[in-house]
Amino acid sequence: MNALRGLENLGRGTVRAVEEVGYLGALLAESLYWLFVGPFRKQPVRVEAVFQQMRQVGVNAVPIVLMLAFGVGVMLAIQGIHTMKTFGAESKVVIGIALSVTREFSSLIVGILVAGRSGSAMAARIGTMVVNQEIDALRVIGINPVRYLVAPALVALLIVVPALTVLADIAALFGGAVYTSLDVGISLAAYAQDTADVLTVDDVMQGVNKAFVFAVLIALIGAANGFGATGGAEGVGKVTTRSVVMSISAIVMADMLFTFFLTR
Amino acid sequence: MNSEREAVIRVRDLVTHYGERQILKGVSLDVHAGEIMVIMGGSGSGKSTFLRFLLGLHQPTSGSIELLGQDITQLDSQGMYELRKKMGVSFQGGALFNSMTVGENVQLPLREHTELDDATIEIMSRLKLELVNLGGFDRLMPAQLSGGMVKRAALARAIAMDPRLLFFDEPSAGLDPVVSAELDELILKLRDALNMTIVVVTHELDSAFKIADRITVLDQGDILLVGTVEEVRNSDNRRVQDLLNRRPREEVIDPDAYMARLTDTPLNEL
Ligand SMILES: Nc1ncnc2c1ncn2[C@@H]1O[C@H](COP(=O)(O)OP(=O)(O)OP(=O)(O)O)[C@@H](O)[C@H]1O
Ligand SMILES: [Mg+2]
């Protein structure tokens, strides 16, 4: 009996998950529709809204991104030097740092940070608007909520998350360089030269490409949760939390798949 | 009556559901040009629901809704977009955009639908705010307004485009009698000055009798009566009289159904 109920719940959960993924797909399609077709129907996505979002999501996140990425670089250097010592190959640490920063860590750190800062803010903003009937008010004025709220955020994230990722690359490499030069005694110039020798455009692009995918995930999951808000302030709080947990999970899963297919 | 006048809103056999639950059970109604139609009824009778369907916010289960000659249940999104320029709505809670100033709220429909320059749009929005006695408040945020001011600001936004159809959910709910009387005056003024057709949802009797040309009484998803103020006052329908005299409903209790609800088992299994 209990097993049956468990199975039933699992079934229901699966249906809901599939529905949810379908909804995310529909949101993406609708956002793209407004971005590309909207201007021809005199209902463009407003450029000012994109810039406003870019400022909130991007510019305001720069200091914390720099700090976190620098910390990750230092951490990788400490760990790398410790590991390499056993082989007596401390100087090879540069390769390890360069590759793991650009291919893995920068985009992941930026993705998680932006999901926590901006994905949640988006869910809260849209959720509050649902609860206050502001979304209905937009619709009766003739303003499509996806065009007005989701499309600008999607564009902003698609620009900002990759940009922040490149910035994080630089900060993390710098962090690694500073620690390595102090510990192993390689000069910063030599470190930079070594890094430039091993890094290829492909390595950097792998991180950047992931960043594009993360941006889409953060925007859609934040918006979908916001539109799903019901029942007052408490409901908004719930979907906000849910959007953070969901988008970070989605980012880690997507990262895993990416790495699996691109690294082997 | 008035059959020669143009019906700008024409609803036929409207049936609507929220999930499984049927809310409106086949509503038909005509509203004529330049008329103030008040929709009355007890709490939960389906007034706000009716309004939401009139606004095209949901797709009905069956039936048709014609606004200004166009059936909005069939209309494509571009047609709906054009139609919305001629409709204004003030929601029960105001639904002002909290991230914008009062002035920006009123300007939004103009920015969306017209090519006017900023200065003109600002002047037009201030004119509308003056009209609802909120002159000089355009820089405030919605959170800084009182309940009555929110309703008036929402009204200013609703009439920003000089719509032909104005919908107003509960103008006087939660307001003191003086402010609510002022809003009634304002609604009459709008109809007379701008010749709008106005649909007002309310359960305040005084207000309904003061502004209505005709009244529609909704009860549990059905129309009980459509008539002039006099006709409604003199109606001998019990439910209408209950509503007018604020008498509690005397519902006949079906013992089986009651038992089924209490024990949460379907009737046929009892
Ligand atoms: N979003 C919704 N989902 C499900 N049921 C709803 C929803 N909105 C309203 N209902 C139900 O529809 C019925 C009619 O509600 P409605 O809000 O139209 O009543 P009303 O006449 O406006 O009442 P009031 O005077 O209290 O505002 C109620 O029984 C309510 O439970
Ligand atoms: Mg209501």
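1. Contact here means heavy atoms within 4.5 Å. Leaving aside neighbours within four places in sequence, A:Leu199 is in contact with A:Ala98, A:Leu99, A:Thr102 and A:Leu173. A:Leu199 sits in the loop between α7 (188-198) and α8 (201-227) of chain A; helices (H or I, at least four residues) and strands (E, at least two) are DSSP runs, numbered from the N terminus. A:Ile95 lies 104 residues from A:Leu199 in sequence, with a C-alpha to C-alpha distance of 8.1 Å.

2. This is a predicted model, in which local features need pLDDT of at least 70 and side-chain atom pairs count only at pLDDT 80 or more, while totals for chains, interfaces and linings use all residues; side-chain values use heavy atoms, with hydrogens and water left out. Residues are numbered from 1 along each chain as its sequence is written, and chains are lettered from A and ligands numbered from 1 in the order in which they are written.

3. A:Ser247 belongs to helix α9 (residues 232-263) of chain A. Its relative accessibility is 2%, so A:Ser247 counts as buried (under 20% relative accessible area; exposed is over 50%, partly exposed in between; 1.4 Å probe, protein chains only). Apart from neighbours within four places in sequence, A:Ser247 is in contact with A:Ala115, A:Ile218 and A:Ile221.

4. Chain B has 10 helices and 10 strands. Its radius of gyration, taken over C-alpha atoms, is 20 Å, which agrees with the value near 18 Å for a compact globule of 270 residues; the globule rule is 2.2 Å times the number of residues to the power 0.38. The C-alpha trace of chain B spans about 70 × 45 × 45 Å along its principal axes.

5. Of the 270 residues in chain B, 50% are buried. Among contacts in chain B with a separation of 6 or more, 63% join residues 24 or more positions apart.

6. The largest nonpolar core (buried Ala, Val, Leu, Ile, Met, Phe, Trp, Tyr and Cys residues joined through side-chain atoms within 4.5 Å) has 60 residues, of which B:Ile9, B:Phe50, B:Leu55 and B:Phe167 touch the most other members. Helix α6 (residues 145-183) of chain A supplies the largest share of this core, 7 residues. A second, separate core has 44 residues, including B:Ala154, B:Met196, B:Phe209 and B:Ile215.

7. Which residues does B:Leu55 touch, not counting those up to four places away in sequence? They are A:Val140, B:Met80, B:Arg84, B:Met87, B:Val89, B:Phe91 and B:Phe167.
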